[in-house]
Amino acid sequence: MEPWDEGAAGVLRLPSGRLVRGRGLRRPLDPTAPVPTYAVYLLGGPPPAVPWEFHWLRWPDFRLPKDRADARAALVEAWERAAVERVEVACGGGRGRTGTALACLAVLDGVPAEEAVAYVRAGYDRHAVETPWQRRYVRRFR
């Protein structure tokens with residue numbers, strides 16, 4: 001399987017070399033873009049049907065995950081799978097919840113928790129991780 005194109009929109013390279021794509025589900029997926037083999041969807045309600053394997057984390061907009069243990073397990077699985085699969089992380093807009101999850105993946109990949117938000121803002125979206133409580137969640141993620 002081909003990995004994500006590092007230059008493609010939304011693709012973040014983690015320090016280990018793992019590539020993860022973040023995106024907003026409200027924007028249609030480019031029909032010529034590769035599809036993920038695994039995804040984590042961060043939404044208040046069930047995600048749309050997709051033909052690939054995914055994990056739905058109940059995570060309301062501008063908030064934090066409803067089940068922190070489930071969120072940690074899902075993000076650890078996404079990080080592990082990103083070593084050999086095309087992993088996507090997405091919420092409605094692709095910034096707050098997605099940025100928060102990507103920052104947590106960066107922490108799992110060795111970025112100090114205090115630097116993970118800046119890392120994601122530099123490599124993914126300068127507006128990622130929108131709220132103070134999302135930033136605090138990343139700082140406390142271990």
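# Reading a predicted model: pocket, rings and cysteines

Q: In this predicted model, how do the residues lining the largest pocket divide by type?
A: The lining holds 10 nonpolar, 4 polar and 6 charged residues. Gly counts as polar in this scheme.

Q: What volume does the largest pocket have, and which residues lie closest to its centre?
A: Its volume is about 400 Å³. The lining has 20 residues, and A9, G10, R21, G22 and R23 are the closest to the centre.

Q: Which element gives the largest share of that lining?
A: Strand β2, residues 19-24, contributes 4 residues, the largest share.

Q: Why is the pair W59 and Y137 called edge-to-face?
A: The ring centres are 6.0 Å apart, and the cut-off for a pair is 6.5 Å. The planes meet at 70 degrees. Over 60 counts as edge-to-face, so the label follows. The whole structure has 3 aromatic pairs.

Q: What makes this pair a link between parts apart in sequence?
A: W59 lies in the loop between β4 (53-58) and α1 (68-81). Y137 lies in helix α4, residues 132-140. The pair therefore ties together parts 78 residues apart in sequence.

Q: How do you know whether W59 and Y137 are buried or exposed?
A: Buried means under 20% relative accessible area. W59 has 0% and Y137 has 9%. Both values fall under the cut-off, so both residues are buried.

Q: Why is the pair Y137 and F141 called tilted?
A: Its centres are 6.2 Å apart, with 50 degrees between the planes. Stacked needs under 30 degrees and edge-to-face over 60, so this pair is tilted. F141 is buried, as is Y137. W59, Y137 and F141 form one aromatic cluster.

Q: What makes R18 and R72 count as charges over rings?
A: The distance limit from CZ of Arg to the ring centre is 6 Å, and the charge must also lie within 35 degrees of the ring normal. The charged end of R18 sits over the ring of W79, 3.8 Å from its centre. For R72 the ring is that of F141, and the distance is 5.0 Å.

Q: Why is C91 in no disulfide?
A: A disulfide needs sulfur atoms within 2.5 Å. The closest cysteine sulfur to that of C91 is in C104, 13 Å away, so it is too far for a bond. C104 is likewise in no disulfide. The count comes to 0 disulfides.

Q: How do you know whether these cysteines are buried or exposed?
A: C91 has 2% relative accessibility, and C104 has 0%. The cut-off for buried is under 20%, so both are buried.

Definitions and conventions: Residues are numbered from 1 along each chain as its sequence is written. This is a predicted model: local features need pLDDT of at least 70, side-chain atom pairs count only at pLDDT 80 or more; totals for chains, interfaces and linings use all residues. Side-chain values use heavy atoms; hydrogens and water are left out. Buried means under 20% relative accessible area, exposed over 50%, partly exposed in between (1.4 Å probe, protein chains only). On a 1 Å grid over the protein atoms alone, a cavity is a set of points where a 1.4 Å probe fits but cannot get out, and a pocket is an open set with protein on both sides within 12 Å along at least five of seven lines; lining residues have an atom within 4 Å of a point. Grid points are joined across faces, edges and corners, and a volume is the space filled by probe spheres set on the points. Helices (H or I, at least four residues) and strands (E, at least two) are DSSP runs, numbered from the N terminus.
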